[in-house]
Amino acid sequence: MKVIPIYIAGGISGFESPAAEYQQRPLSLDELLITHPSATFIGKVQGDSMTGIGIFDGDLVIVDRSCTVKNGQVIVANFNGEFVCKMIDLKRRRLLSSNDAYADVVINQYDDFSIEGTVIYSIRCHDEAINLCSR
């Protein structure tokens with residue numbers, strides 16, 4: 001697990017702390033999570049087809065359109081007019097769920113299909129009382 005250092009400076013008067021020179025600028029989730037801002041969007045997940053890899057109903061996914069899609073990656077796609085979050089099997093032209101309750105979906109020639117981007121992060125709200133994700 002990568003630990004992100006967060007330094008807090010108190011408003012204490014007197015001599016400057018010897019650690020003051022080690023203070024860093026404020027933490028920015030945009031800078032931490034988004035590499036290509038102009039090619040990135042955030043979507044809200046609906047459904048439970050990806051629970052096997054830790055993406056649950058109500059989670060937010062950060063999707064990067066600039067990434068080259070590789071076999072087996074989690075993607076967001078437009079499949080016959082509906083946005084879906086699935087794993088892509090490029091070799092067999094299928095959309096895969098990570099929940100055994102859902103069958104693979106074959107991408108046929110006649111389907112309207114486009115990959116919108118690669119899921120690079122998922123974010124889950126753990127406090128239902130303050131669930132900002134539901135807004």
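This passage describes the largest pocket of a predicted model, the strands around strand 4, and the ring contacts.

Because the model is predicted, local features were considered only at pLDDT of at least 70 and side-chain atom pairs only at pLDDT 80 or more, whereas totals for chains, interfaces and linings use all residues. Residues are numbered from 1 along each chain as its sequence is written, and side-chain values rest on heavy atoms, with hydrogens and water left out.

The largest pocket (on a 1 Å grid over the protein atoms alone, an open set of points with protein on both sides within 12 Å along at least five of seven lines, where a 1.4 Å probe fits) has a volume of about 450 Å³, the volume being the space filled by probe spheres set on the points, which are joined across faces, edges and corners. Its lining, defined by residues with an atom within 4 Å of a point, comprises 22 residues, of which Val45, Gln46, Phe83, Val84 and Cys85 lie nearest the centre. By class, twelve of the lining residues are nonpolar (Ala, Val, Leu, Ile, Met, Phe, Trp, Tyr, Cys and Pro), six are charged (Asp, Glu, Lys and Arg) and four are polar (the others, Gly among them). Strand 1 (40-44), strand 3 (74-79) and strand 4 (82-89) each supply at least two lining residues, strands being DSSP runs of E with at least two residues, numbered from the N terminus. The largest share, five residues, comes from strand 4.

Six of the eight residues of strand 4 are buried (under 20% relative accessible area, 1.4 Å probe, protein chains only), so this strand is largely enclosed by the rest of the structure. Strand 4 pairs (at least two DSSP bridges) with strand 3 in antiparallel fashion through six bridges, one of the partnerships being that of Phe79 with Glu82. The two strands form a hairpin with two residues between them, and Asn80 in the turn has a positive phi of about 50°. Strand 4 also runs antiparallel to strand 5 (residues 94-96), to which three bridges join it, and Ile88 stands opposite Leu95. In this second hairpin, with four residues between the strands, Arg93 takes a positive phi near 50°.

A search of the whole structure finds one aromatic pair (ring centres within 6.5 Å). The rings of Phe79 and Phe113 have their centres 6.3 Å apart and their planes at 70°, so the pair is edge-to-face (over 60 degrees). The pair links distant parts of the chain, with Phe79 in strand 3 and Phe113 in strand 7 (residues 113-123), 34 residues apart. Phe79 is buried at 16% relative accessible area, whereas Phe113, at 24%, is partly exposed (from 20% to 50%).

Note on methods. Rings of Phe, Tyr and Trp (its six-membered ring) pair if their centres lie within 6.5 Å; planes under 30 degrees apart count as stacked, over 60 as edge-to-face and the rest as tilted.
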